[in-house]
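Me: I'd like to walk through this protein with you, one question at a time. Keep the answers short, please.

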Amino acid sequence: MDKIQRYRLQAIMLASMVFFADQMIKYAMIGPLQLKSRGVIHIISFFDLRWAENRGVSMGFLTAESDAARWALVALTAAIAIGVLIWIWREKLRGDILCLALVLGGAMGNIVDRSRYGYVVDYADLHFGSFRPFFIFNLADAAISIGVAILLLRAIFMKEEETPASEATAHESSNSGNGAETKE
């Protein structure tokens with residue numbers, strides 16, 4: 001197994017772990033903790049478990065008010081997940097592949113929720129007094145956000161390896177096939 005295949009396998013394992021952890025936590029919120037009927041469980045002064053049904057996409061945009069809209073959101077997020085999977089298969093950098101795996105695992109968790117319940121189960125409420133820096137979210141949302149944030153930071157701050165000019169010139173002359181000399 002070559003290096004890229006190993007990275008892809010790691011990505012599938014990471015996406016699967018995010019997906020299963022997300023679904024297990026949501027099961028605990030719905031089942032044993034009965035968060036839906038309780039509404040809120042205070043954990044510490046700045047973090048609660050609070051029931052929320054997200055019928056839209058990120059930050060409540062594109063709220064699905066009908067079954068047709070719900071399934072359109074499922075199709076849209078499934079198409080995005082397929083695009084991310086294709087990107088994972090084409091990507092060569094391990095860091096980017098693993099970030100994409102976070103996005104894929106989170107997307108799959110939210111797709112299952114929307115398909116099963118008609119909404120995404122959100123429960124994590126980080127707050128400082130009445131200030132809430134985020135909407136109520138779940139593990140899948142956090143994985144997606146972290147994956148995208150790291151991808152953006154990597155795109156901004158990582159420099160691509162540049163080919164030295166002499167190598168680029170030698171490569172061009174070998175491809176020209178006319179035997180012409182190259183400039184240095």
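Me: Which residue in E3 stands opposite aspartate 48?

Reply: Quick heads-up: this is a predicted model, where local features need pLDDT of at least 70, side-chain atom pairs count only at pLDDT 80 or more, and totals for chains, interfaces and linings use all residues. Residues are numbered from 1 along each chain as its sequence is written, and side-chain values use heavy atoms, with hydrogens and water left out. E2 and E3 run antiparallel, joined by 6 bridges (strands pair if DSSP finds at least two bridges between them). In E3, the residue across from aspartate 48 is aspartate 125.

Me: And which residue stands opposite aspartate 48 of E2 on the E1 side?

Reply: E1 (residues 40-44) and E2 (residues 47-54) are antiparallel too, with 4 bridges joining them. They make a hairpin with 2 residues in between. Here aspartate 48 faces histidine 42.

Me: In what order do the elements of the chain run from the N terminus?

Reply: Helices (H or I, at least four residues) and strands (E, at least two) are DSSP runs, numbered from the N terminus. The chain has 6 helices and 3 strands. Reading along, you get α-α-β-β-α-α-β-α-α.

Me: What is the mean pLDDT of the chain?

Reply: pLDDT is the predictor's confidence in each residue, on a scale from 0 to 100. In this chain 84% of residues reach 70 or more, and the mean is 88.

Me: Over which residues is the pLDDT below 50?

Reply: The stretch in question has 3 contacts in the model beyond near neighbours in sequence (a contact means heavy atoms within 4.5 Å). It covers residues 179-184.

Me: Is leucine 35 buried or exposed?

Reply: Leucine 35 sits in helix H2. It touches Met29, Val40, Ile41, Leu49, Arg50, Trp51 and Tyr123, leaving aside residues up to four places away in sequence. Buried means under 20% relative accessible area, exposed over 50%, and partly exposed in between (1.4 Å probe, protein chains only). Because its relative accessibility is 0%, leucine 35 counts as buried.

Me: How does glutamine 34 count by relative accessibility?

Reply: Glutamine 34 lies in the loop between helix H1 (3-30) and helix H2 (35-38). Its phi is near 50°, a positive value in a residue other than glycine. Since its relative accessibility is 42%, glutamine 34 counts as partly exposed.

Me: Which element gives the largest share of the largest nonpolar core?

Reply: A nonpolar core is a set of buried Ala, Val, Leu, Ile, Met, Phe, Trp, Tyr and Cys residues joined through side-chain atoms within 4.5 Å. The largest one has 17 residues, and Ala11, Ala81 and Leu104 are among those with the most contacts inside it. H1, helix H3 (67-90) and helix H4 (94-117) each bring at least two residues to this core. The largest share, 8 residues, comes from H4.

Me: How many residues are in the other core?

Reply: This core lies apart from the largest one, and Met29, Leu49, Trp51 and Val121 are among its members. Its residue count is 9.

Me: How far apart are the end C-alpha atoms of H3?

Reply: The expected span of a helix is 1.5 Å times one less than its number of residues. H3 has 24 residues, so it should span 34 Å, and that agrees with the end-to-end distance of 35 Å.

Me: Within what arc do the buried residues of H5 fall?

Reply: Ala140, Asp141, Ala143, Gly147 and Leu151 are buried in H5, while Leu152, Ile156 and Phe157 on the other side are exposed. The buried ones pack against H1, H3, H4 and strand E3 (120-126). The arc is that of the directions from the helix axis to the C-beta atoms. Seen down the H5 axis, the buried residues line one face of the helix, because they fall within an arc of 165°.

Me: How many of the residues of E3 are buried?

Reply: Across the whole chain of 184 residues, 32% count as buried. E3 is mostly covered, with a buried count of 7 of 7.
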